[in-house]
Structure formats: C-alpha cells, structure tokens
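Reader: I should like to take a close look at a single part of this structure, namely the empty space enclosed within it. Could you please guide me through that part?

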Amino acid sequence: MALRTGTPAPLRGTVVASALCLLLLGALGLTVPAAGADHQEGDGPGTPSAAVAVLYREAAQATAKYEEVRKAVTAQRAKSKVLEARLTKERQRLRFFRKDVGRLARAQYRAHDDGLSLTANLLFSDDPEALMENAGFASNADRAVTHLVQRSADAASALAGAERKVRANREAVEARTAHLASLKRQIDAKLQSARARLQAQGESAVLAGRCRGANRIEQAASEYPKEPWVTPVEDFVLSAGFGGSGSHWSQGHTGQDFAVGIGAPVRAVGGGHVVRVSCGGPFGIEVVLRHPGGYYTQYAHLSSVAVDQGETVRTGQWIAQSGTTGNSTGPHVHFEVRLTPDYGSAVSPLPWLREHGVRVE
C-alpha cells in the first residue's frame with residue numbers, strides 16, 4: 001500500500017500497539033534496540049535476512065527441478081500410452097490371426113482325413129502331378145503361416161519388453177518427482193519460518209524508528225540483468241495501482257504495488273545513488289535512489305535493506321528484501337517514481353518503466 005497523507009504518524013503509533021508489538025517481538029526472541037544512533041550494524045550470515053535469501057534460491061532451484069521432472073513424467077506417460085495402444089492392437093491382431101490359422105489347420109486336416117498317407121494317395125490318384133502340386137502349395141502355406149506367427153510373437157515380445165522398460169523409467173521418474181515435491185515442501189516450510197523472523201526483525205526496526213544497517217545479500221553475476229532498466233522485483237503480481245483510492249490513502253495511491261512474498265529480493269530498477277534509507281512512519285522501511293536524468297525511485301514496506309545511504313548501485317542490484325512494514329495490509333513492494341526524493345512528487349510508475357524499455361505484465 002502507500003502513504004495516507006495527513007496521517008504522517010506510523011500505523012502502529014499508539015501506546016497499545018507498541019506494547020503488543022513488543023510482546024510479539026519478545027516471544028520471537030527479538031529485542032528492540034536501545035535508543036541512540038539512527039543506524040545499527042547489519043545482519044551476519046546466520047540471521048533471518050541471509051537465511052531467507054538462501055532459502056529463496058533453494059526454493060527456486062527446487063521448483064525448477066520439480067517442473068523439469070514433472071514434464072519428463074508427462075512425456076513418459078504419453079509415450080507409455082502410445083506404446084500400450086500399439087501393444088493392445090498387436091495382441092488383438094495376433095489373436096485373430098491365430099484363430100484363422102486354427103481354422104486353416106482344421107480345414108487341411110479334414111481335407112486329408114481319409115486315413116491315407118501321401119504315398120498311398122499318389123498310388124491311387126488319377127492325377128499324381130496335381131496331388132503333388134497341391135501338397136507343395138500346402139507345405140509352402142504352412143511355412144508362411146509359421147513364419148507370420150513367429151514374427152507376430154516376436155513383435156508382441158518386443159512390445160511387451162519395451163512396455164516394461166518404459167514403465168520402469170516412468171516409475172523411477174515419478175519417484176524422483178515425489179522426492180522433489182517433498183523437498184520443495186520442506187524448503188517452503190523453512191522459508192515461511194524465516195520470513196516470520198525477518199518480518200519481526202523489520203517491525204523491530206520500524207518500532208524503534210531506526211534501521212539495522214545494510215544486511216548484505218550475496219548476489220551472483222548471473223543474477224544481474226543485462227537490460228539497463230528492470231522491474232523492482234521478479235515473479236510478482238501487480239496489485240494497487242497509481243492514483244487508486246482506498247482507506248489507506250487520503251489523497252490517492254502514490255505508487256504501484258508489486259505483490260510478492262516476504263523476503264523476496266528487491267532490486268534497483270536502474271543504476272543510481274542511494275539517497276535515503278529510513279525506518280518508521282507509514283512507509284515502514286524504505287529506500288530511495290537517485291537516477292541519472294533527475295528521477296528518483298522509492299521502495300517501501302520492506303523487511304530489510306541491503307545497502308547503506310550514500311552507496312552507488314547498479315541495475316538489478318539487490319537493495320532490500322520485501323516485507324509488510326508500516327501502513328501495509330500484506331507482503332508487497334510499494335514502488336514510486338518521483339521528481340524529488342520526497343513524498344508528493346510522484347508520477348505514474350508503470351508508464352515511466354515502459355518508457356524505459358521495461359516490460360510490465
């Protein structure tokens with residue numbers, strides 16, 4: 001969400017709300033920093049901020065592997081269905097063929113069921129040559145029938161073997177899918193727990209009115225985009241838009257909300273300079289950047305920041321983690337584009353992003 005103009009005090013500014021928040025933080029094992037400096041040391045490698053970042057990567061990797069194996073299972077199932085249909089058809093054809101062979105054999109037996117051997121028939125035959133010719137035809141027919149029966153049996157055996165192989169492969173892939181699904185559920189459960197701790201840590205900073213300092217998040221080179229401008233988060237859903245009305249804003253929504261889970265990496269939409277890192281007030285934890293050309297961008301309702309005021313950042317650099325601090329009803333990133341670093345100078349952010357070549361769905 002965004003700022004309620006005319007209500008500059010934090011959403012949780014009452015004494016009762018503060019007391020309840022303190023009790024919650026104590027139950028989670030977190031403490032409110034003592035009054036003093038406006039800036040505290042950032043998180044170490046074992047803290048909620050770092051844990052969430054690691055779990056986000058693991059969850060993404062597990063999801064990618066799960067989807068890859070799921071597609072393989074789908075392909076194996078389709079292949080098995082084709083093979084099973086071929087096998088059923090071949091077996092049906094073989095049954096009909098064997099019935100025809102049986103009828104032919106019985107007919108041949110009845111035709112020669114006079115109790116005489118071929119030699120005797122030749123002795124008493126009026127046309128021995130015709131009898132020999134017919135006997136040759138019958139022999140050739142028997143050999144052809146035997147050959148076809150063998151070929152059909154070989155084909156059925158081959159298809160049955162192929163079916164067993166595909167079934168075994170499919171079962172192995174499905175077992176792998178079940179394992180990955182279980183792993184994904186475990187990671188998601190850990191991520192939910194880490195998110196809760198991270199959000200509580202952010203609430204602690206907002207309640208104290210000062211930030212904890214940069215909680216550095218290791219970012220691989222491949223995680224930096226090649227484009228000069230990007231969206232503030234990945235894998236988002238657009239929610240409240242610019243200029244919208246509601247109970248949370250007295251004069252209209254001043255930014256664009258990107259709905260994401262708590263702890264999602266928030267990135268600089270373009271290269272620039274960090275001009276503000278602050279905690280407390282309706283925006284909760286926020287970061288403001290200045291970009292070449294005179295524009296500023298704001299990222300608010302965060303749970304943690306990954307940069308310090310005065311730093312220079314590049315496009316796509318992780319500057320914070322999403323949250324729901326301040327005047328917020330759910331996890332998201334409130335994103336503004338401003339003409340100055342201060343509230344009240346915002347312009348519509350989606351057209352601005354599109355003008356800078358960013359595709360926003």
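Reader: How much space lies in the largest cavity?

Author: In this predicted model, about 60 Å³ of space lies in the largest cavity. A search of the whole structure finds 1 cavity of 30 Å³ or more. Helix 4 and strand 6 are the elements that each give two or more residues to the lining of this cavity. The lining consists of Q201, G202, A205, C211, R212, G213, N215, C279, I285, S303, S304 and V305. By class, these residues divide into 5 nonpolar, 6 polar and 1 charged.

Helix 4 also has a part in the largest pocket, where helix 2, helix 4 and strand 3 (265-267) each supply at least two lining residues. About 480 Å³ of space lies in that pocket. Of the 20 residues that line the pocket, Y56, A60, E234, D235 and P265 are the closest to its centre. Helix 2 gives the most to this lining, with 6 residues. The pocket lining has 11 nonpolar, 2 polar and 7 charged residues.

The nonpolar core completes the account. The largest such core has 42 residues, and among those with the most contacts inside it are V266, Y299 and L353. The elements that give two or more residues to this core include helix 2 (48-111), helix 4 (128-208) and strand 6 (296-305). Helix 4 gives the most to the core, with 6 residues. As for L353, its contacts include V230, F258 and F335, not counting residues up to four places away in sequence.

Definitions and conventions:
Residues numbered from 1 in each chain as written. Predicted model: local features only at pLDDT ≥ 70, side-chain atom pairs only at ≥ 80, totals over all residues. Heavy atoms only, no water. Core = buried A, V, L, I, M, F, W, Y, C linked by side-chain atoms within 4.5 Å. Buried < 20%, exposed > 50% of the residue type's maximum accessible area, 1.4 Å probe, protein only. Helix = DSSP H or I, 4+ residues; strand = E, 2+ residues; numbered from the N terminus. Contact = heavy atoms within 4.5 Å. 1 Å grid on protein atoms, 1.4 Å probe; cavity = no way out; pocket = protein on both sides within 12 Å on 5 of 7 lines; lining within 4 Å. Points joined across faces, edges and corners; volume = space filled by probe spheres on them. Nonpolar A, V, L, I, M, F, W, Y, C, P; charged D, E, K, R; others polar.
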